[in-house]
Amino acid sequence: MVLKLFPTICAKSIFHIDYEVVKELGYKAIIFDIDATLVPHGADTTPEVDALFNKIHNMGFKTLLLSNNSDERIKHFNRHIQTDYIPMADKPDSKGYIKAIRTLAVPKHQILVVGDQIFTDIVGANKCNLDTVLVDYLLHEGETKIGKKRRVEQLLLRLFALKPTVSPLQQAIIQKKQVRQPLSDRYPILYNVATKKETVKRYVKDAKQRQKFAVTKQNKTLPHVVHQETSYLIKKGKGIDLVLQKNKADNIALAASKMDHIVIQPGEYFSFWKLVGKITKKAGYKDGRVIVNNEVVAGMGGGLCNLANTLHLLVVHSPLEITELHTHSDALAPEQGERRPFQNGTSVSYNYVDYRFKNVTDQQIQVCFHVEDETLYAELRSEHAFPWKYRLVEENHRFVQENGKYYRKSKIYKVTENRETGEEQNKELLLDNRSEVMYDYDLIPQSLIRPE
């Protein structure tokens with residue numbers, strides 16, 4: 001399972017950010033707010049601010065000033081700094097941030113946003129999934145009056161104990177993921193609210209679309225096997241928790257029983273979560289391995305991504321149409337035996353990160369699962385044989401090092417062939433794979449490590 005979360009950290013000021021660490025963490029560009037972030041509202045630039053920009057430009061960073069203020073104001077402020085800027089940005093509207101990303105010509109994960117306001121700078125950046133640093137807002141000497149939004153922000157900061165720290169990015173050099181640590185990860189109440197919101201949105205969306213979902217089980221199996229998969233559920237190796245592995249197998253067996261022998265009529269949709277339902281201890285689920293913020297941890301119902309991935313393998317070997325697919329790293333553990341594309345990497349999380357497909361054929365399709373001896377057996381069946389057969393092809397499979405981390409890279413294709421003649425009918429790119437390695441780097445085959 002993958003939980004997609006919006007990150008921010010707090011710093012005392014722009015001068016308390018360790019830009020050497022920011023660079024080491026892979027960032028290449030920084031977007032700055034101006035008023036109350038760099039200087040008090042309406043104030044001119046200072047020698048200290050100019051020197052800071054000169055320093056970070058010499059370090060190789062691209063910078064951009066993103067402000068709701070006028071072009072005239074920013075142009076004057078920028079006379080010594082000489083950086084790109086966007087005036088009248090109307091933050092938190094995302095348009096200004098999108099324009100900034102295009103101007104910087106840097107991938108989003110390599111951009112850091114620095115601002116002083118939660119409801120403009122941080123919210124706007126979050127809309128575009130940009131990493132953020134929230135700094136203390138600056139006031140003019142002797143100024144004490146603050147606006148209503150500031151008071152609400154102060155309340156939020158007190159409520160969630162978001163106390164600024166000296167050089168928080170210095171801590172990130174010790175624990176790299178600190179720079180991406182989300183508010184909702186540190187404060188579960190925020191995550192619970194976000195999860196409930198997304199769950200409700202899914203219910204509303206489904207109600208509006210009025211799609212017909214498969215819910216009927218048929219004990220008798222359909223006669224033709226379209227594709228079958230077998231997956232041994234217990235992975236072993238350095239750093240792998242066997243208790244969580246066994247719990248994973250139990251979770252998969254329980255969830256698989258909810259989908260076993262489901263029949264999908266022509267025109268019907270299949271939804272993983274509409275059949276499996278909520279994942280709770282009361283329902284019999286246990287802690288298994290889940291992925292949160294690119295880190296493998298223990299979590300309720302862990303392992304169901306494995307089940308969804310097996311289902312995905314059945315579907316990609318058929319003419320069924322995938323309507324919803326989410327992915328995470330497929331390099332969670334060292335591979336045992338021959339490398340096969342899509343051995344893992346499919347992501348599900350109740351209920352808004354779903355796996356769905358539609359039966360676009362003219363016949364019934366049936367999904368069959370069972371678990372025996374810690375092995376998952378899966379079949380996709382139909383009333384009649386299809387005139388095509390399918391295979392997966394992975395090209396240019398290798399591991400590369402980027403900013404101190406290793407990634408698996410490859411391109412995975414679905415090849416459609418005429419069943420009788422074997423003639424290739426179509427070759428479709430399914431995934432341009434870039435997966436962070438989540439296990440001990442020493443276990444990566446040296447023959448597969450190549451320079452980018």
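1. In this predicted model, strand E3 (residues 29-32) pairs with E6 in the parallel sense, and four bridges hold the two in register as partners. Within this pairing, isoleucine 30 stands opposite leucine 112 in E6.

2. On its pairing with strand E7 (residues 131-135), E6 again runs parallel, and four bridges join the two strands. Here glycine 115 of E6 is the residue that stands opposite leucine 134 in E7. The path from E6 to E7 includes helix H5 (residues 118-127), and the three elements together make a right-handed β-α-β unit.

3. How many of the five residues of E6 are buried? Five of the five are, so the strand is largely enclosed by the rest of the structure. Both faces of E6 are covered, with Ile111, Val113 and Gly115 buried on one side and Leu112 and Val114 buried on the other.

4. Glutamine 110 is found in the loop between helix H4 (94-104) and strand E6 (111-115). Is this loop residue buried or exposed? Its relative accessibility is 11%, and because the cut-off for a buried residue is under 20%, glutamine 110 counts as buried. If its neighbours within four places in sequence are left aside, glutamine 110 is in contact with Gly26, Tyr27, Lys28 and Ala29.

5. A separate point concerns the four strands that form an open sheet in the order E8-E16-E15-E9, where the pairing is antiparallel. Strand E8 (224-232) and strand E9 (262-264) stand at the edges, and because each has a single partner strand, one side of each is left without a neighbour in the sheet. On average, neighbouring strands of this sheet are turned by 15° against each other, with direction ignored.

6. Within that sheet, strand E15 (residues 365-372) and strand E16 (residues 375-382) run antiparallel and are joined by eight bridges. Glutamate 372 stands opposite threonine 375 in E16.

7. Which helices should be viewed together with this sheet? Helix H10 (residues 242-259) lies across E9, E15 and E16, and runs at about 155° to E15. Helix H12 (residues 304-316) also packs on the sheet, where it touches E8, E15 and E16, and its direction makes about 150° with that of E8.

Definitions and conventions: Residues numbered from 1 in each chain as written. Predicted model: local features only at pLDDT ≥ 70, side-chain atom pairs only at ≥ 80, totals over all residues. Heavy atoms only, no water. Buried < 20%, exposed > 50% of the residue type's maximum accessible area, 1.4 Å probe, protein only. Contact = heavy atoms within 4.5 Å. Pairing = 2+ DSSP bridges. Axes fitted to C-alpha atoms, helices over the stretch in contact; angles between N-to-C directions. Right-handed = clockwise from strand over helix to strand, strands pointing away.
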